[in-house]
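Trainee: Could you take one helix of this structure and look at it closely with me? After that, I'd like to see how the other parts fit around it.

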Amino acid sequence: MEPIRACVFAVRGSGWLDHQRSPRTGSGQATNKPNRMVSSMTIITCAFCGKDANRRTGEVNRANRAGLPLYCDRKCSSLAHKTGKTIEHRRAEKAAYDSVRRAALADRILSEKRAYYRKHRAVLLERMAARRANPKHREAMRRYQHAYVRNPHNRAAKKAYDRRLRAVKEFGETDMAEAVIAVHELCEMLRPSKPEIRTNTGRVNLCQKRKRRAHAKE
Ligand SMILES: [Zn+2]
């Protein structure tokens, strides 16, 4: 066995045929004379830049059968596949597609999720427990929750949710509950903001005022 020659043939041949067992000896030993497969080549015209290039005939036949374009190199292939859309545009498209899909397949997705949870319940619970025990994860969660409750949008949503919850608890799902919610919303809108209250009661820049007063006395 000559390793260098074998190596050269492995590169030039088609791979698996190079290490075929010898049909003559049947001994199961690899032969010194590998079956050289040299593919026939075809000249193609790049579908992007129009230059000529060499491609294996098999590759060309396959592309023709599937109706696919051939390119001279990977650069041309890449350029030909570019759509010119920005990443934001593509994200928006995907989000729109996902929302439609989620709505259309809601039942199926939910049942699949439930089945998955039921099947892997033990593993999932174990994984969640391990995560909770990880100080890094706890810190990340703490930060996330902190940011969440400070987000004005989330605060407003929670306020509205609580308002509805309290009204329904008190009056049930009635018109009375709706009226109470509406009144509370109106009060919320009409109530002066904190800066306004502070201005009206003369409690603006208290700290600075005290400092100035102290400075004037000296
Ligand atoms: Zn090209």
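Mentor: Happy to! Let's start with a yardstick: the expected span of a helix is 1.5 Å times one less than its number of residues. Keep in mind throughout that this is a predicted model.

Our helix is H6, residues 121-133. Its 13 residues should span 18 Å at 1.5 Å a residue, and the C-alpha atoms at its two ends are indeed 18 Å apart, so expectation and model agree. Next, is H6 buried or exposed to the open? A residue counts as buried if 20 or more other C-beta atoms lie within 10 Å of its own. The number of H6 residues that pass this test is 0, so the helix lies largely in the open.

Helix H5, residues 106-119, can be put through the two checks as well. H5 has 14 residues and runs 20 Å from first C-alpha to last, close to the 20 Å expected. Its cover is slight too, with a buried count of 0 among those 14 residues. Helix H2, residues 57-66, is likewise hardly covered, since the buried count among its 10 residues is 0. Just after H2 comes Gly 67, which has a positive phi near 70 degrees. For the chain as a whole, buried residues make up 2% of the 218 residues.

Now for the wider layout. The chain contains 11 helices and 2 strands, and along the sequence they follow the pattern α-β-β-α-α-α-α-α-α-α-α-α-α. Among contacts with a separation of 6 or more, 20% join residues 24 or more positions apart.

The two strands are S1 (residues 41-45) and S2 (residues 52-56), which pair in the antiparallel sense over 5 bridges. You can follow the pairing on your screen: Met 41 has Arg 56 of S2 as its bridge partner, and Thr 42 has Arg 55. The hairpin leaves 6 residues between the strands, and there Gly 50 takes a positive phi near 85 degrees.

Cys 49 also sits in the loop between S1 and S2. With 14 other C-beta atoms within 10 Å, Cys 49 is partly exposed. What does Cys 49 touch, leaving aside its neighbours within four places in sequence? Its contacts there are Cys 72 and Cys 76. Ser 77 is 28 residues along the chain from Cys 49, yet their C-alpha atoms are separated by 9.8 Å.

Further along, have a look at the pair H8 (residues 152-171) and H9 (residues 175-190), whose axes come within 9 Å and cross at roughly 145 degrees. The crossing is right-handed. On the H8 side, the residues involved are Arg 163, Arg 164, Ala 167, Val 168 and Phe 171, and they meet Met 176, Ala 177, Val 180, Ile 181 and His 184 of H9. A helix rule helps in reading such a list: an α-helix has 3.6 residues a turn, so residues three or four places apart point the same way. H9 also holds Glu 185. Glu 185 counts as partly exposed, because 13 C-beta neighbours lie inside 10 Å. Its C-alpha atom is separated by 8.4 Å from that of Ala 160, 25 residues apart along the chain.

One more backbone detail is worth a stop. Most residues other than glycine have a negative phi. Asn 205 has a positive one, near 55 degrees. Asn 205 lies in the loop between helix H10 (194-200) and helix H11 (206-217). Asn 205 counts as exposed because it has 10 C-beta neighbours inside 10 Å.

Finally, a word on confidence. The chain averages a pLDDT of 85, and 83% of the residues score at least 70. Over residues 1-23, however, the pLDDT is below 50, and this stretch has 22 contacts in the model beyond near neighbours in sequence.

So, back to where we began: H6 has the span expected for its 13 residues, and with 0 of them buried it lies largely in the open.

How values were computed
Residues are numbered from 1 along each chain as its sequence is written. This is a predicted model: local features need pLDDT of at least 70, side-chain atom pairs count only at pLDDT 80 or more; totals for chains, interfaces and linings use all residues. pLDDT is the predictor's confidence in each residue, from 0 to 100. Two residues are in contact if their C-beta atoms, placed from the backbone, lie within 7 Å. Helices (H or I, at least four residues) and strands (E, at least two) are DSSP runs, numbered from the N terminus. A residue is buried if 20 or more other C-beta atoms lie within 10 Å of its own, exposed if 12 or fewer, and partly exposed in between; C-beta atoms are placed from the backbone. Two strands pair if DSSP finds at least two bridges between them. Axes are lines fitted to C-alpha atoms, for helices over the stretch in contact, and angles run from 0 to 180 degrees between N-to-C directions. A crossing is left-handed if the near helix is turned anticlockwise from the far one by less than a right angle, and right-handed if clockwise.
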